[in-house]
Amino acid sequence: MNMSTQARSLVAVGDSVSEGVGDPYRGGALRGWIHYLTAEPANHAADEAPGPGLELAANLARSGATVAALRRHQLEPAVALAPAYITCVIGVNDVIAGRFEAARFAEDYAHVLDALSASATAGVLTMTLHDVAASLPLPRSRRAELRRRTAEANEVIERVSRRHGAWMVDARTAVRVERTGMVCVDRLHPNRRGHRYLAALAGEALRTRGGAVPGPAAAIPEADPLRERIASGARHTLWVGRHLVPPLAGAVFTSRRAGRVRASSPPADRRS
C-alpha cells in the first residue's frame with residue numbers, strides 16, 4: 001500500500017450492517033454501505049453517489065457480532081492494519097440478545113474505542129443505534145424493554161465517541177428507514193437503498209469534520225426500479241436461508257435436546 005493509499009485507507013469493524021447484509025449482489029456476495037463509502041467513482045453505477053475518496057483495506061465486520069465478539073475477533077487485526085479511518089458500528093445484537101448488561105457493554109465498547117482511536121491515523125467513525133423496536137413485530141412489553149436497552153447502549157456510544165473525538169452518525173436523528181422503503185423484508189437490515197443512505201450519512205459526517213474530500217450533502221437515494229428491488233429481495237431471502245436459518249435451527253435443536261436430557265435425568269443426590 002503506497003503512502004497516498006494509506007492516507008485514505010479504511011477498515012470496517014462491526015456486525016451484519018457493516019458486513020453488507022440486506023444488499024446482496026450477484027453470486028451471493030454482499031456489498032452494503034461500506035462498499036458505497038469506499039468504491040471508486042468509476043466503479044459506481046449511474047445512480048450511485050461516489051464515496052468520499054476512501055479506499056477499503058479490510059471489512060472485518062461479521063453477522064451476529066456483539067461488542068464483546070468484536071473485541072475478541074476483530075479488534076486485533078483492525079489495529080494491526082493501522083489504517084487512516086476505522087468505522088465501528090456495533091450494538092444491535094447486544095440489545096436484542098436474551099440478556100443485556102449495560103455495564104459490560106460500556107466496558108467492552110470503551111476498550112474497543114480506546115484501541116481503535118489509538119490505531120486510526122485520521123480517526124474513527126461510529127454510529128448510534130436506530131430505533132430497533134420500531135419495525136419488529138413485538139409485544140408492547142418487549143418493545144419497551146428493547147427501547148430501554150437501545151437508549152442505554154446509545155448513551156455509551158455517544159459518551160465514548162465524544163471522549164475520543166470520533167465522527168459519529170446519529171441514527172436517532174436520521175430518516176426512519178422503515179417508513180421510506182429502505183428496510184429489508186426481514187424488518188431488521190437496510191436494503192440496497194438503505195445502505196446507500198447510510199453511506200451518504202457516513203460520508204457527510206466525515207466531510208463535516210474534514211475527514212474526506214468534499215462531496216454532496218446526505219440525501220435519501222432514489223428508489224431502485226421495481227425489477228431490481230424484487231431481485232434484491234429474492235437474493236436477500238436466499239442469503240438468509242443459507243447463512244442464518246441453519247445456525248438458528250441448530251441452536252433450537254441443541255436447546256430442545258438439552259431440555260429432554262435434563263427432563264430424563266434422575267434427580268441429583270442431595271446428600272452432603
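**Helices and cores in the chain**

Visitor: What share of the 272 residues in the chain is buried?
Guide: In this predicted model, residues are numbered from 1 along each chain as its sequence is written, local features need pLDDT of at least 70, side-chain atom pairs count only at pLDDT 80 or more, and totals for chains, interfaces and linings use all residues. Side-chain values use heavy atoms, with hydrogens and water left out. A residue counts as buried under 20% relative accessible area, as exposed over 50% and as partly exposed in between (1.4 Å probe, protein chains only). Of the 272 residues in the chain, the buried share is 43%.

Visitor: Which element gives the largest share of the largest nonpolar core?
Guide: A nonpolar core is a set of buried Ala, Val, Leu, Ile, Met, Phe, Trp, Tyr and Cys residues joined through side-chain atoms within 4.5 Å, and the largest one here has 34 residues. Helices (H or I, at least four residues) and strands (E, at least two) are DSSP runs numbered from the N terminus, and those giving two or more residues to this core include strand S1 (9-14), helix H5 (92-96) and helix H7 (140-164). The largest share, seven residues, comes from H6.

Visitor: How are helices H4 and H6 oriented to each other?
Guide: Axes are lines fitted to C-alpha atoms, for helices over the stretch in contact, and angles run from 0 to 180 degrees between N-to-C directions. The axes of H4 (residues 67-81) and H6 (residues 102-119) come within 10 Å and cross at roughly 10°. Angles under 35 degrees count as roughly parallel, over 145 as roughly antiparallel, 65 to 115 as roughly perpendicular and the rest as oblique. H4 and H6 are therefore roughly parallel.

Visitor: Which residue of helix H7 (140-164) that Tyr-109 touches comes last in sequence?
Guide: Tyr-109 is among the residues with the most contacts inside the largest core. Contact means heavy atoms within 4.5 Å, and, not counting residues up to four places away in sequence, Tyr-109 touches Val-67, Ile-90 and Thr-126 as well as Val-156, Ile-157, Val-160 and Ser-161. Helix H7 spans 140-164, and the last of its residues on that list is Ser-161.

Visitor: What is the relative accessible area of Val-89?
Guide: Val-89 lies in strand S3 (residues 85-89). Leaving aside neighbours within four places in sequence, Val-89 is in contact with residues including Val-13, Trp-33 and Met-127, and its C-alpha atom is separated by 8.5 Å from that of Leu-129, 40 residues apart along the chain. Val-89 is buried, and its relative accessible area is 8%.
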